[in-house]
Amino acid sequence: MAVNTLAHSYSKEPDIRLEDYLDDKLQSTTDFDSLDNLLANVEVQRSQLQAQLDDATKELEGARRAAEDRQGGIDRSIDEFYKLQESIDARLKIVAESNAPEEAIRRLEQPMKQLHKVELAYQYVTLLQDVENLRLEARSHLPQSPKAALQPYSRLKKLTMRLKELQAAADEAATHLVNHVEMITESLWEEMKSTMSKELESTLKKRSWPQGVDPNSEMDAEWLQCFEKLVDLQVPEILFSKDVVTLLPFEVMAKPFIQWFRFQFIGNTATSNPQAFGTFCIPQFLSLVEKWESFFRDNVGYVLVSRFQDTKVRGLSVYVDPACALITALLPVMREKVNSMVEHGLKNPQSLSSLMVQLMDLDDEIRSRFNYDGGDQERGWAGLTSEVLEEHFDAWFKAEKDFALERYHVIMNSPDARNIDYDYSTAGKMKPTFGAVRVTDLLKSVTSQYERVRRFSHRLRFLIDIQLDILDDYNDRFKDSLDAYYTINSTLGRTLHGVTKEQTAALEGTGAFESLCKVLGSSDHIIATLKDWSNEEFFVTLWEQLQTRAKRADGEGDIASGMSYEDVKDRTSAVIGSDGDGGILFDETIAAYTNRRKAAEEYLVSALIESHQKAFRPYLAKAQWTTISDDSHVEASQLSVTPELDEPLTILKRNLTFLASTLSTAVYRRVWREALEKLQDTLWANILMTQRFTTLGAAQFTRDLDAVSSIIDRHIPDGSVALGTLQDGVSLLNLPLEIGGGETSLQEATDRVFTDNSEAKKLLAELGLESLTPANARKILQRRVENSE
């Protein structure tokens, strides 16, 4: 109906397409004849279009009804969803407020635990059955085929290692199972070794080993076959082991040697006495290895090489060298003997000290004679000594320290310890005291005790707690000696502390020089010795190790066990841990002794000066320089020395002679240069610049100064140069009144000196007196009596 209405409404509107259609069909009057056909076609087309329109209308209505039905379904689904959600929320609320889940879980716990135990028990039984099967399989191959027996054993070994790894990750669970499997594995291995060893033992018994075997003979085929089987059996153990493994064939063949060793050195025989360890036990042990060394190398050397040459242990002598393998087999019984010796030594420190030296010698012999590396190709065998020191170092260290300190105190208390050893070195070298020489010898012996010790911390403790302690104490003795000298010789010291007559008498004559030379020579000896040691390989290596550890510590923590960075730095060198190349182990000690040497040298110079001042005091007080002579030209060489100068010359000669016998040439000249310069100042100020001189007086002073210079030059070649200024002054003072032979007279020199400085300098240059200034020249010439008239 709606469609008809719509069509009707459209018919009222003009249709261009209808008009075009009619124009096309009715172009002429003849066309009206076919009008009926035309109307019939139109009606057919209209009927078709109406049918199509009716179908479309039906489909549209169907689609609309389907859409309405679908929308209704969706709405119903949404409603159902919300209802379901509300139901779930309500049930969750009920569940949350209920104890039903916990109750259910609690009811299920026990059955689950039982189920887990059943499963675990089943796995345990299965694993134990596998372990037993592997064990039986390995046993079935022995002794015919050790290589075949290794396959199930290897699987069992790997299973044991895997169980241990799992146990560690599981907080040590299943301890009994792991222990059982490990015990089975170990017992199987021992059983395999025992089975194969019995075969070799039987072979050895047939050949009366070792008494019936010539060390120069060859092993037969059966013997070698047994040997090879044992090596083959042990190859996996060796490759997987982190520790050194004794080769089983050597362990078997070494049994007679071990029995002999036990009888001789661990039993109740005379050779078991501790005193026989170094003289008999060690030589016999080394002789035994040396006796069979060639036998084993010639017969089985190639066997070991063939088994291990392509493995990770190919460079270890304990596996590829038969002699070293024999040593490995014998070391346990030697270790047992050493342990008994250590127990004895712990009760007798002197025996312990001797034992350690013997052990070090034994270790060195084994390393050098047999190239034994102990399974460590890089660092070499640590030795039996290291094993003992790991446990008993403190006891040995205490014994060595007590011995060293005891010997040190004996040295210090010996009657001649403070006497100078004039025969220690040739002339021109420093002379230390007997005590200083013995102290350095003691320190050298201490070094020999520990230089073969391998552990760095042990070496450092010997260095610091024994050697440096002794050196520090000896340095303190030097300091006390210098302090005592200062107290005796200073007014303040005598006032505060008082001085006995004996102390004063001890410093009379050359006593003060001797006391100071003891400190000076001994300090120099210690310094020279420490510098020499610092160039030795042992101490250079120790210094490098100390530097490496100090840099790693970076100023914090311990450099070695029980030794902090700062403590070690204060005792050795301030530059440890730095990047520079300087520094040595004994820097701080050398610095301390250098201070003692410097102080002693300064005191020695002062003592010389004081000795000269006392000796020349009467001479300085002489007032006879103005004696008049009838001769206007007096030859100084013809005069005799002033009587008041005899004593000073004697003392000067005594001092020169004594110091020449104790000091080195360099120190001797240095000390005397300072002392003579002071003597020059004294004579210059108290005689030349103070007294007045006649011609005779000037000649006499010249003669006296020549006598002093002659003694000095006799002991110190050209030593009188230190008096050069005074000599020039006396030469100017002794100018003659009358000239002859081109000489300069006193009057001429006076006139020229007082003209001006330029003329004065010219005169002094002509006379060869360049050390004098014009001012001094004028003062000297004014001291002549003749210039005052």
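**Side-chain contacts in a predicted model**

A search of the whole structure, which is a predicted model, finds 37 salt bridges. Side chains of opposite charge can pair when their charged atoms come close. A few of these contacts can be followed one by one, beginning with a local pair in helix H3. There the side chains of glutamate 61 and arginine 64 meet in a salt bridge, with 3.1 Å from N to O, and the two residues lie three positions apart in the helix, which is about one turn. Glutamate 61 has a relative accessible area of 35% and is therefore partly exposed, while arginine 64, at 37% relative accessibility, also counts as partly exposed.

A second local pair is found in helix H22, where glutamate 610 forms a salt bridge with lysine 614, the closest N and O atoms being 3.5 Å apart. Because glutamate 610 and lysine 614 are four residues apart in helix H22, about one helical turn separates them. Glutamate 610 is partly exposed, its relative accessible area being 31%. Elsewhere, salt bridges that share partners join Lys206, Arg207, Asp220 and Glu222 into one network.

The salt bridge between aspartate 469 and lysine 401, at 3.6 Å from N to O, has another kind of setting. This pair links distant parts of the chain, since aspartate 469 belongs to helix H16 and lysine 401 to helix H14 (residues 383–413), 68 residues apart. Aspartate 469 counts as partly exposed at 26% relative accessibility, and lysine 401 counts as partly exposed at 23%.

From the charged side chains one may turn to the rings, for which the count comes to 39 aromatic pairs. One of them is formed by tryptophan 209 and phenylalanine 296, whose centres are 6.0 Å apart and whose planes stand at 70°, an edge-to-face arrangement. Tryptophan 209 lies in the loop between helix H6 (175–206) and helix H7 (221–240), whereas phenylalanine 296 lies in helix H10 (residues 277–308), so the pair ties together parts that are 87 residues apart in sequence. Both partners are buried: tryptophan 209 has a relative accessible area of 8%, and phenylalanine 296 has one of 0%.

A comparable reading applies to phenylalanine 478 and tyrosine 593, whose ring centres are 5.9 Å apart and whose planes are at 85°, so that this pair too is edge-to-face. Phenylalanine 478 is in helix H16 (residues 456–489) and tyrosine 593 is in helix H22 (residues 587–620), so the contact ties together parts that are 115 residues apart in sequence. Phenylalanine 478 is buried, with a relative accessible area of 6%, and tyrosine 593 is buried as well, at 1%.

Rings can also be linked in larger groups, and here ring pairs join Phe393, Trp396, Phe397, Tyr450, Phe462, Trp533, Phe538, Phe539 and Phe586 into a cluster. One member of this cluster, phenylalanine 397, also has a charged neighbour, for arginine 461 lies over the face of its ring, at 4.3 Å from the ring centre.

Not every nonpolar side chain is hidden from the surface, where Ile74, Ile78, Phe81 and Tyr82 form a nonpolar patch with about 410 Å² of accessible area together. Tyrosine 82 has its place in helix H3 (residues 35–96), the helix that also holds glutamate 61 and arginine 64.

The cysteines give a negative result, in that a search of the whole structure finds zero disulfides. For cysteine 324 the reason can be read from the distances, because the closest cysteine sulfur, in cysteine 281, is 20 Å from its own sulfur, too far for a bond, when a disulfide calls for sulfur atoms within 2.5 Å. Cysteine 324 is buried, with a relative accessible area of 0%, and cysteine 517 is likewise buried, at 1%.

A last stop is alanine 254, which is placed in the loop between helix H8 (248–253) and helix H9 (255–265). Alanine 254 counts as buried, with 0% relative accessibility. The C-alpha atoms of alanine 254 and proline 210 are separated by 9.3 Å, although the two residues are 44 residues apart along the chain.

Terms used. Residues are numbered from 1 along each chain as its sequence is written. This is a predicted model: local features need pLDDT of at least 70, side-chain atom pairs count only at pLDDT 80 or more; totals for chains, interfaces and linings use all residues. Side-chain values use heavy atoms; hydrogens and water are left out. Rings of Phe, Tyr and Trp (its six-membered ring) pair if their centres lie within 6.5 Å; planes under 30 degrees apart count as stacked, over 60 as edge-to-face and the rest as tilted. Buried means under 20% relative accessible area, exposed over 50%, partly exposed in between (1.4 Å probe, protein chains only). A charge sits over a ring if NZ of Lys or CZ of Arg is within 6 Å of the ring centre and within 35 degrees of the ring normal. Patches are made of residues with over 30% relative accessible area and no salt bridge: like charges are joined within 9 Å, nonpolar side chains (Val, Leu, Ile, Met, Phe, Trp, Tyr) within 5 Å. Accessible areas come from the Shrake-Rupley method with a 1.4 Å probe; for residues, only the protein chains shown count as cover. A salt bridge is a side-chain nitrogen of Lys or Arg within 4 Å of a carboxyl oxygen of Asp or Glu.
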